Amino acid sequence: MSKNEKVSNSVIRRLPRYYRFLGEIMSEGISKISSRELAERMKVTASQIRQDLNCFGGFGQQGYGYNVAELREEIGAILGVNGDHPAVLIGAGNLGRALAVHLDYAKYGCRLCGVFDSSEQLSGMKLGALTVMPMSGLTSFCEKCRPVIAILCIPKEAASEVCEKLAALGVKAFWNFSHYDISLDNIPDVVIENVHLGDSLMALCYRINQSEKKEEEKQ
Ligand code: NAI
């Protein structure tokens, strides 16, 4: 686990999938797996798996394969799933409410501790154990709870201002659903994940088109 200084973004993006698959394999009572077997399940090549895991110093033993529980734990540690990052969610509309209520934050090393919205109508609304708070309370909340992550579920037009305010209040990571591609180049050490579910849907549509084309060519 010492070679991880220059791990590429694409490797990092594959780690959650390894983590998820290894969890499923563990729940089937399997304790040991070869890279070939893992590759078959994950529909990737064994060499990709070996290469990816080698970025972190490699985990398997030649001829033995991987210890499933150990590998999952190591990947979990790399991803930080055992952390307890406090998070604040801004925008308690349709998407925000769904993310506030239905996501098991602890599973990913996070803890949702506050939800804010600019709408007076939403203020006071119960969302699981949390209550939607007005934006006027954001500064004092951040000073007290020190959220590291902000989840942005607000309209595009509001994103830039809210984001800068949160960064000034010490937020270090943005999980941004607002369709505004945030770039806080002037603020060092801030990390941003711009999420566009539509991108994934478009990739799916592309694959439908490709398979339809193949079918047509066969006829
Ligand atoms: P919504 O209209 O139901 O909720 C938006 C909420 O943001 C409202 O409650 C509103 O009062 C609040 N808001 C607006 N300006 C604010 C501000 N300056 N500070 C705090 N709160 C503010 O919209 P919905 O459906 O929940 O979507 C939220 C955003 O996420 C939209 O911009 C939508 O386009 C986007 N979206 C993004 C997806 C993605 O994959 N990235 C998927 C679905 C929606």
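Helix α1 passes α4 in a left-handed crossing, meaning that the near helix is turned anticlockwise from the far one by less than a right angle. This is a predicted model, where local features need pLDDT of at least 70, side-chain atom pairs count only at pLDDT 80 or more, and totals for chains, interfaces and linings use all residues. Residues are numbered from 1 along each chain as its sequence is written, and side-chain values use heavy atoms, with hydrogens and water left out.

The pair, α1 (residues 9-27) and α4 (residues 68-79), packs at an angle of about 150° with axes 9 Å apart. Helices here are DSSP runs (H or I, at least four residues), numbered from the N terminus; axes are lines fitted to C-alpha atoms over the stretch in contact, and angles run from 0 to 180 degrees between N-to-C directions. On the α1 side, the contact (heavy atoms within 4.5 Å) includes Leu-15, Tyr-18 and Leu-22, while α4 brings in, among them, Leu-71, Arg-72 and Ile-75. By class, the contact has 13 nonpolar, two polar and one charged residues.

Turning to the ligand, 22 residues surround it, counted if a heavy atom lies within 4 Å. The closest are Leu-95, Asp-117, Phe-177, Val-195 and Leu-197. The shell splits into 13 nonpolar, seven polar (Gly among them as a class) and two charged residues. Its largest share, three residues, comes from α7.

Ligand oxygen atoms also sit close to polar backbone atoms, as polar contacts (N or O pairs within 3.5 Å): 2.6 Å for Leu-197, 3.0 Å for Asn-94 and 3.3 Å for Ile-154.

Notes:
Polar contact = N/O pair within 3.5 Å; in protein donor to acceptor, adjacent residues only side chain to side chain. Helix = DSSP H or I, 4+ residues; strand = E, 2+ residues; numbered from the N terminus.
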